[in-house]
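User: I would like to go through some of the labels attached to this protein and see the reasoning behind each one.

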Amino acid sequence: MKKIFSMNRFEGWNLSLPLIQGGMGVGVSLSGLAGAVASEGGMGVISTAQIGFEEPDFAEDSKTANLRAMRQELEKARTIARDVDGKCPGLVGFNIMVATRDYEDYVRTAADAGADVIISG
């Protein structure tokens, strides 16, 4: 029987670990978890739900804090995921809820920051 779908292929990307880690917010799926999953060859997913909660200006301007934290968390996850050759064996992206206020701004920030994937529901 011919295999028509392989769990280690995702739109042309090879995942050596056929695992997509769920984006759990607030503060659960951040760079530490996503980076660890990506370092093993899976897809690490960072939740954007109030991602900037630890930023000093979060109470005054949560949107700006969240968008800034997205870039920071993505870079931290990639740093964690890099192997000795400086490559990331897996993927790192974001879970962005469609119901999020200013959804489009979050998607644009994720794309501009270079996320490998955006998951929305």
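User: Which residues is Asn66 in contact with, leaving aside its neighbours within four places in sequence?

Analyst: In this predicted model, Asn66 is in contact with Gln50, Ile51, Gly52, Phe53, Phe58 and Tyr106, once the neighbours within four places in sequence are left aside. Asn66 itself lies in helix α2.

User: Why is Asn66 called buried?

Analyst: The term buried applies under 20% relative accessible area, and Asn66 has a relative accessible area of 2%, so Asn66 counts as buried.

User: What makes Gln50, one of the residues in contact with Asn66, count as partly exposed?

Analyst: Partly exposed covers the range between the buried limit of 20% and the exposed limit of 50%; Gln50, at 36% relative accessibility, falls in that range and is therefore partly exposed. Gln50 is found in the loop between β3 (43-47) and α2, and has a positive phi of about 50° although it is not a glycine.

User: Why is a positive phi worth pointing out in a residue other than glycine?

Analyst: It is pointed out because most residues other than glycine have a negative phi. Asp102 is also not a glycine and has a positive phi, of about 65°; Asp102 is placed in the loop between β4 (91-95) and α3 (103-113), and its 35% relative accessibility makes it partly exposed.

User: Where is the peptide bond that is cis, and what is its omega?

Analyst: The bond runs from Gly25 to Val26 and has omega near -5°, with Val26 placed in the loop between β2 (13-14) and α1. As a general matter, most peptide bonds are trans.

User: What makes Leu33 eligible for the nonpolar patch on the surface?

Analyst: Patch residues need over 30% relative accessible area, and Leu33, which is partly exposed, has 33%, so Leu33 passes that cut-off. Together with Met24 and Val28, Leu33 forms a patch with about 240 Å² of accessible area, and the place of Leu33 is in helix α1 (residues 31-39).

User: How are α1 and helix α2 (residues 62-81) arranged at their crossing?

Analyst: Their axes come within 7 Å and cross at roughly 40°, and the crossing is right-handed. The contact is made by residues of α1 including Gly32, Gly35 and Ala36, and by residues of α2 including Glu73, Ala77 and Ile80.

Definitions and conventions:
Residues numbered from 1 in each chain as written. Predicted model: local features only at pLDDT ≥ 70, side-chain atom pairs only at ≥ 80, totals over all residues. Heavy atoms only, no water. Patch = residues over 30% accessible without salt bridge, like charges linked within 9 Å, V, L, I, M, F, W, Y side chains within 5 Å. Areas by Shrake-Rupley, 256 points an atom, 1.4 Å probe, with all protein chains shown as cover. Salt bridge = Lys/Arg side-chain N within 4 Å of Asp/Glu carboxyl O. Helix = DSSP H or I, 4+ residues; strand = E, 2+ residues; numbered from the N terminus. Buried < 20%, exposed > 50% of the residue type's maximum accessible area, 1.4 Å probe, protein only. Axes fitted to C-alpha atoms, helices over the stretch in contact; angles between N-to-C directions. Left-handed = near helix turned anticlockwise from the far one by under 90°. Contact = heavy atoms within 4.5 Å.
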